[in-house]
Amino acid sequence: MSTDPLKKRKTKVIRGDGGTPETKRIRGDADQDVRVYNEEVELEGRDTEQDYILYKSTCEAVAKLMAEIQDLKASGAKEGSMEVEERRRRGSVHFIALKKLNRMAHMRLKKARDQTHEAKQRVDVLHLQLQNLLYEVLHLQKEIGKCLEFRSQHEEIELVSVDEFFQEAPAEISRPHLTKEDPHQLTLARLDWELEQRKRLAEQYKSSLCTKEKILKGIEMKKEYLNSLQPGLQAIMQASLPVQEYLSMPFERVQKQAEVARHLPPPLYVLLVQASAYGQACDTNLSVSISGDVDEAKALSRPPEDSQDDESDSDAEEEQQNTKRRRATVGVQLDDKRKEMLKRHPLSLCIELNCKDGSILHLFFYYLMNLNILTVKVKVSASADLSGAISAGELLNPESLLNCLYASDHGQETPNPANRYQFDKVGIVSFADYVAELGHPYVWVQSLGGLHFSSDSPQVEGPHSSLSASHMESTMKLLRGRLQARLALHKQFSSLEHSIVPVSNECQHLFPAKVVSRLAHWTMMSYEEFLASRCTQVILCLFYWRPLWVSARLQAAVVLNPRYPEITPLFSLSLLWKGERSGRTDDNLRAMESEVNVFRSELQGPRPGLQLLTNQMQRLCVCLDVYLETESQVCDGSEGPREFPREKMCLRTARGPNRLKPFKYNHPQGFFSHR
């Protein structure tokens, strides 16, 4: 065998993109066989799971070879040793296998993507075909719906029923032998009968118009005759005015008031009707009148179109001038908005309540249009001069006269919950700042006008006459009672300022014939003076001060409630005699307070109890007499002359561990006893 390398035929593998493996000859090289290799064809015959297992085993073999090379190098093997090179060659073979597996994986991924894309294209084609079919179906459904919904003009005509048609229509129109079997012929026949009836009704309409014209001409002639009578009737009415006043039958005044009442807002109109009805039925001393600008009220009730057409040229020129002026500041705009929100209706009601003594209570009712509430102002016309009592100045003050007519109704805030949000928009903090100008929005005033505001939601309906009627009688009685009570208090204050305690003849039996204690001084005290006084601090409405006796001074702070005499005045006592004593330190002074504060029924007198305050004052004087006369006087441990001789007859001067004195007066026996 020769040592020269032998020439052998080498096989060259060419990888192609497609087709099947083939063996070809390369031109110019007859001795070399060419074998074409296609990995895609091989990919179809390979299993994915087997490739994955091969990938894992190859990776483990590479890792094992790398570890062996590292161990060899660590043991001192040289870089080019046979063991290291052998393992490197084996590792290279494994890397080639990994690259082939990587190519196979990428080819599988590309093939899967191509298949997915082809499937999506097929689905898109089918979806487009489906959309086209659905659109055609929808179009056909719409056309079918239009055909079904088509209505002929004859269907809008209200025809008589079929039974009535056969009963009333003549035989030449109804044709029963045809129409009963053919609905189309029946409809045509009914339309012919409807046409005949309408022709007949049109002729009747023309004849009715002629009759109407004749009647209208007769009415016009009668109107002309009646208009000619109007001047004569007016002359007769003017001539009968003295007779109407003499007979108390003011027909003309009532007629004029009824014409003006049409322009009242609904709450004031309800109040007018109910007050007039109550005055006619129950109280002849009550009168109602309307005041204000009638023309302005008519302008408010006029439609907006009419008001715009009636604007004069001067108003237009003034508006043009206003647009040329400088824009108003924010403050001026808020003031204008407040004035507009608090604007009153131009018409108002006046109710006059006449008392038996000739005094008159004038009530002026106003309606705030934007706030939807009623307000009231009051004025008193007394039959006698009321300027004598200085301390009674606040009794008939219009700003506080009607306070607490009903419990807790002070009339300082609006009862409409919606007004709070309206005030926030224009910067109004409290409605009490505008009460002096606009009047008091008492709750009972809203009830008289038929307005009711609940705490949950504002009123959305109109005024109710039934609500006004249910409150009218009780409110009018309270108003008249309030005026009588204040006038009676005014007279009592005038007497008390002159150190006189007036006692009526009906109440003389409540007290002994002789009362030694006398009123020394009566005056009005302020709230700060009341808090600084030595008496018990009771916070209510009106505060008065009166000292009794000379050597023994009894100071009493009297607190009057606005609802006097329904609510009893309260007395707080302080005695200056041998030191200072009060109801908190002396049981007998506390018992005296109970006599005047608790036992109201004994001191009320004849109803309605307007003499309650003076009776309490007289009872206090009597109790002071009993207190001083029954108090023993000891000087240096021995009995001496009494400073206050005993004149009252008492069964027992003291009783119980508190040594209470007998303050109860027994009539007609005339002695004092314990309760």
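These legends describe an overview and several close-up views of one predicted protein model.

The model is predicted, so local features need pLDDT of at least 70 and side-chain atom pairs count only at pLDDT 80 or more, while totals for chains, interfaces and linings use all residues. Residues are numbered from 1 along each chain as its sequence is written, and side-chain values use heavy atoms, without hydrogens or water.

**Overview. The protein has 22 helices and 16 strands.** Helices (H or I, at least four residues) and strands (E, at least two) are DSSP runs, numbered from the N terminus. The protein has 675 residues, and 33% of them count as buried. Buried means under 20% relative accessible area, exposed means over 50%, and partly exposed lies in between (1.4 Å probe, protein chains only). The protein exposes about 43,300 Å². Carbon and sulfur atoms supply 54% of that area. Accessible areas come from the Shrake-Rupley method with a 1.4 Å probe; for residues, only the protein chains shown count as cover. Take the contacts (heavy atoms within 4.5 Å) between residues at least 6 apart in sequence: 60% join residues at least 24 apart.

**View 1. Glu413 sits in a loop and touches Ser430.** The loop runs between strand S7 (373-381) and helix H15 (418-426). Glu413 is partly exposed, because its relative accessibility is 40%. Not counting residues up to four places away in sequence, Glu413 touches Ser430, Phe431, Ala432 and Pro441. The side chains of Glu413 and Ser430 share a polar contact of 2.5 Å. A polar contact is a pair of N or O atoms within 3.5 Å; within protein, one must be able to donate a hydrogen and the other to accept it, and residues adjacent in sequence count only if both atoms are side-chain atoms. His440 is 27 residues from Glu413 along the chain, yet their C-alpha atoms are separated by 8.2 Å.

**View 2. Gln616 is buried in helix H22.** This helix spans residues 612-630. Gln616 counts as buried because its relative accessibility is 0%. Leaving aside neighbours within four places in sequence, Gln616 is in contact with Thr568, Pro569, Phe571, Val596, Asn597 and Leu603.

**View 3. Cys623 has no disulfide partner.** The whole structure holds 0 disulfides. A disulfide is a pair of cysteine sulfur atoms within 2.5 Å. The closest cysteine sulfur to that of Cys623 belongs to Cys621, 9.3 Å away, so the two are too far apart for a bond. Cys623 is buried, at 0% relative accessibility.

**View 4. Two prolines follow cis peptide bonds.** One cis bond joins Tyr564 and Pro565, with omega about 5°. Pro565 is in the loop between strand S10 (553-560) and strand S11 (570-576). The other joins Arg607 and Pro608, with omega about 10°. Pro608 lies in the loop between helix H21 (600-603) and H22. Most residues other than glycine have a negative phi, and most peptide bonds are trans.

**View 5. Asn372 and Ser408 have positive phi values.** Phi of Asn372 is near 60°. Asn372 is in the loop between strand S6 (360-368) and S7. With a relative accessible area of 22%, Asn372 is partly exposed. Phi of Ser408 is near 65°. Ser408 is found in the loop between S7 and H15. With a relative accessible area of 66%, Ser408 is exposed.
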